[in-house]
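User: Hi! Could you walk me through this model with a few questions and answers, starting with the terms you use?

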Amino acid sequence: MDSISTRNALKSAWARARAEMDGLPGGRGLNIAHEAVDRHAQGAGGDRIAFRFLSRDGERREMSFRQLAVETSRFASALGDLGVEPGDRVFLLAGRIPELYVAALGALKARCVVCPLFSAFGPEPIRARMDPGSARVLVTTPALYRRKVRALREQLPALEHILLAGTEEEAAEAGAGADGVRSLTTLLAQADDRFRIQDTDPEDPALLHFTSGTTGAPKGALHVHEAVVAHHVTGRIALDLRPDDVFWCTADPGWVTGTSYGIVSPLTNGVTSVVDEREFDAERWYRTLEAEKVTVWYTAPTAVRMLMKSGRELPRRFDLSRLRFIASVGEPLNPEAVVWAQEVLGLPIHDNWWQTETGGIMIANVAGREIRPGSMGHPLPGVDAAVGRRENGGVTLIEAVDVEGELLLRKGWPSMFRSYVHQKERYLGCFAGDWYLTGDLVRRDADGYYWFVGRADDVIKSAGHLIGPFEVESALMEHPAVAEAAVIGKPDPMVGEIVKAFISLHPGHEASEDLRLEILGHARKRLGSVAAPKEIAFLDDLPRTKSGKTLRRLLKARELGTPEGDLSTLEEPT
Ligand code: AMP
C-alpha cells in the first residue's frame, strides 16, 4: 500500500474505534472519565462492580460503577471548591488504594491533568517530577507525606493543596489544617456529589506520565482525552476484554500500564477490575486468581519469572479454571515463560509491546492467533509499524525481513503523546517525517511477527521499570565522597537488569566496604527502592569520550565481557 492509502486505512480504523465512544451528552466533546465511569453508571450496568479493592490488611471493598460515579463527582466538586481549574496538574502518590482511583477519575472529570507517581519513589524522583510537572494538587497518604514530601515543600512552589487520604485523625497528625494540607475525607464529606463534566475538547491534556531517557531529567509525556479511544479498543483487542470479565492488571498506576489498563481500559469496557494493594507474593497471587475468579490477567515478565521460581506444585493447589487469557508487558518475555504457562496454567502468555509515549498497546499477540514464544506479536489494527535506521536526520525503512533496526510507528494514533512538558526539542527529536522513533531495536520475521532485540539507548529496565541512568548518577554524585558516577543495567535472570553503578572518589576518600554501604544507603534514601543501585564498584577513573561524556557502553561491555566496540573517541585508555 502507498503511504496515502495506508494513512487513510489507519484513519478509518481509528474512526471506527471512535464511533464506539459515547461522547459527552449534547455533543460536548470527549472526556475519559465520562467514557470510563458515567456512561456505565447511568445505564443498565450501573450496579456492576467497577473495582474490587483488596487492602493491605486483607479487606475487600467493592465499588459499583454507580458508586464510582458519585465518589468521583465528589472529588471533582472538591477540586472546584478549592479553586483548582481545568488544566491544573493533580499528582497522585498513594499506592493502590481506592482514593487514588477516585482521585484520578474525579480529576479527569474536572478536566485537570492527572499524574500518578509510584509510591516507592524516594524524595528525589518525586521532586524531579512534581516540580517540572507544576503540581498544584497532591493526593497522598499521611505516611508518605511525612516521609517523602514534607521536606520538599519549599522546592515545589506551585504546590498549593495536599490532600491526605485516611482518617481525619491520621491526617491531622501529619499536619492537616495548615499550609494547604487537608484531610481528603473531610473535604469529600463537604463536597457536592453531583458534578456535570464541562465541555471537553478531545485534544485537552488529560494524563501526564514521566519516563526516563538516557540523559537529562525525566520526561513528562502528556496525553489527551482522545487517548481513551485507544485505551478502549486495544483493551478489547489485545487483552480480549469482554463485559463479563474479571480483570486483574498487576501494574501500579505510577507506571503507564497501571493507568491505561489498570484504570481506564477495563472501565470503558465495562469490566470488573481487581486492585491488590500488596506487593508480589506467589501464593497470594494464585489465591487471588482463584478467589476473585479472575478471567483475564495482565502482568509482567518479572512476576512470571518469580512465579516460575516458586515451582510447579504451588499453582496446582488452586482452582484457576476461570482464567481464560493471560498477557504480559514491559520487558522481554522469555520463550520458556510462554511454554511454562501453557504447561502449568494451561494457557499461554500473550506478550505485548508499548511504552509510555504510545499511551496504549501497539504490538500484541492477540487471542486466537498463533503465538511464537519470544515474539511480541503483530501491530494492532490502526497501528502501522516498520523497522528502520536513522540516517541524515531522517529514517530509511528496512524492507528485508529478519534484519535488526529501530521500531518505528506511523504517527497519528489517538493515545500518542502530544508533548514532553518543557522539552519541545526532545519531543520533536522523537519524530522523523511521518514516523515516531521508539528507541527500541527489533526485527520482523517473514510472517510479520515482531521480535524485541534491545534498547537503542542506555536506559535500564529493571523489573519492568524504566530507569534513567542520569537520574541515578546525579543522586550518587550528591554524596560528598563521589567524584563521578556512571550507571548501567547489568543483566539479571529474575528482574531483567539490575542497576549497577561505577564510582570514582574525590581525593581524600578511600574505597572501602563501609563507604560502599554508605553510598548505597544514600542512594536508597534519595531515590527509593526502585531506582537505587543494587551494586557499586569503585574505579580510579571512569572511561569518557574526548568530549567528556561517560562511556556507559564501554563499562557495560567490560562488565559483560563482550567486545568493547569502537574506542577511537575514548579520552585515554583506562
Ligand atoms: P515504559 O515507557 O516504562 O512503559 O517502558 C517502555 C519500554 O519497555 C519499551 O520501549 C521497551 O524497551 C520495553 N518493553 C515494553 N514492552 C516490551 C516487550 N513486550 N518486550 C520487550 N520490551 C518491552
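Analyst: Happy to! Two strands count as paired if DSSP finds at least two bridges between them. Helices (H or I, at least four residues) and strands (E, at least two) are DSSP runs, numbered from the N terminus. This is a predicted model, where local features need pLDDT of at least 70 and side-chain atom pairs count only at pLDDT 80 or more, while totals for chains, interfaces and linings use all residues. Residues are numbered from 1 along each chain as its sequence is written, and side-chain values use heavy atoms, with hydrogens and water left out.

User: Great. Which residue of β20 is the bridge partner of Leu-222?

Analyst: Leu-222 belongs to β9, and that strand pairs with β8 (residues 205–211) in the antiparallel sense over six bridges. On the β8 side, Leu-222 is the bridge partner of Leu-208. Strand β20 (residues 419–420) also runs antiparallel to β9, joined by two bridges. There, the partner of Leu-222 is Ser-419.

User: How many residues of strand β9 are buried?

Analyst: Buried means under 20% relative accessible area, exposed over 50% and partly exposed in between, with a 1.4 Å probe and protein chains only. In a regular strand, side chains alternate between the two faces of the sheet. For β9, Lys-219, Ala-221 and His-223 on one side and Gly-220, Leu-222 and Val-224 on the other are all buried, which covers both faces. The strand (residues 219–224) is therefore largely enclosed by the rest of the structure, with a buried count of six of the six.

User: What about β4: which residue there is the bridge partner of Val-90?

Analyst: Strand β4 (residues 113–116) has both faces covered, with Val-113 and Cys-115 buried on one side and Val-114 and Pro-116 buried on the other. Strand β3 (residues 89–93) pairs with β4 in the parallel sense over four bridges. In β4, the partner of Val-90 is Val-114.

User: Now a helix: how far apart are the end C-alpha atoms of α10?

Analyst: The expected span of a helix is 1.5 Å times one less than its number of residues. Helix α10 (residues 256–268) has 13 residues, so it should span 18 Å. Because 13 of the 13 residues are buried, the helix is largely enclosed by the rest of the structure. The end-to-end C-alpha distance agrees with the expected span, at 17 Å.

User: Which residue just after α11 takes a positive phi?

Analyst: Helix α11 (residues 282–291) has buried residues at Ala-282, Arg-284, Trp-285, Tyr-286, Thr-288 and Leu-289. Just after this helix, a positive phi of about 55° is found at Lys-293.

User: On to the ligand. Which strand gives the most to the shell around it?

Analyst: A residue is near a molecule if one of its heavy atoms lies within 4 Å of it. The ligand is surrounded by 18 residues, the closest being Asn-352, Gln-355, Thr-356, Asp-440 and Lys-461. By class, the shell has eight nonpolar (Ala, Val, Leu, Ile, Met, Phe, Trp, Tyr, Cys and Pro), five polar (the others, Gly among them) and five charged residues (Asp, Glu, Lys and Arg). Strands β14 (349–353) and β23 (450–455) each supply at least two residues, and the one giving the most, with three, is β14.

User: How much of the ligand's accessible area does the protein cover?

Analyst: An oxygen atom of the ligand lies 2.8 Å from an N or O atom in the side chain of Gln-355, and an oxygen atom of the ligand is 2.5 Å from one in the side chain of Thr-356. Of the 500 Å² of accessible area (Shrake-Rupley method, 1.4 Å probe) that the ligand has on its own, the protein covers 95%.

User: Is Asp-179 buried or exposed?

Analyst: Asp-179 sits in the loop between α7 (168–173) and β7. Its phi is positive, about 55°, although Asp-179 is not a glycine. At 62% relative accessibility, Asp-179 counts as exposed.

User: And how far apart in space are Asp-434 and Asp-319?

Analyst: Asp-434 lies in the loop between β21 (431–432) and β22 (435–444). With 22% relative accessibility, Asp-434 counts as partly exposed. Asp-434 and Asp-319 are 115 residues apart in sequence, and their C-alpha to C-alpha distance is 49 Å.

Conventions: A polar contact is a pair of N or O atoms within 3.5 Å; within protein, one must be able to donate a hydrogen and the other to accept it, and residues adjacent in sequence count only if both atoms are side-chain atoms.
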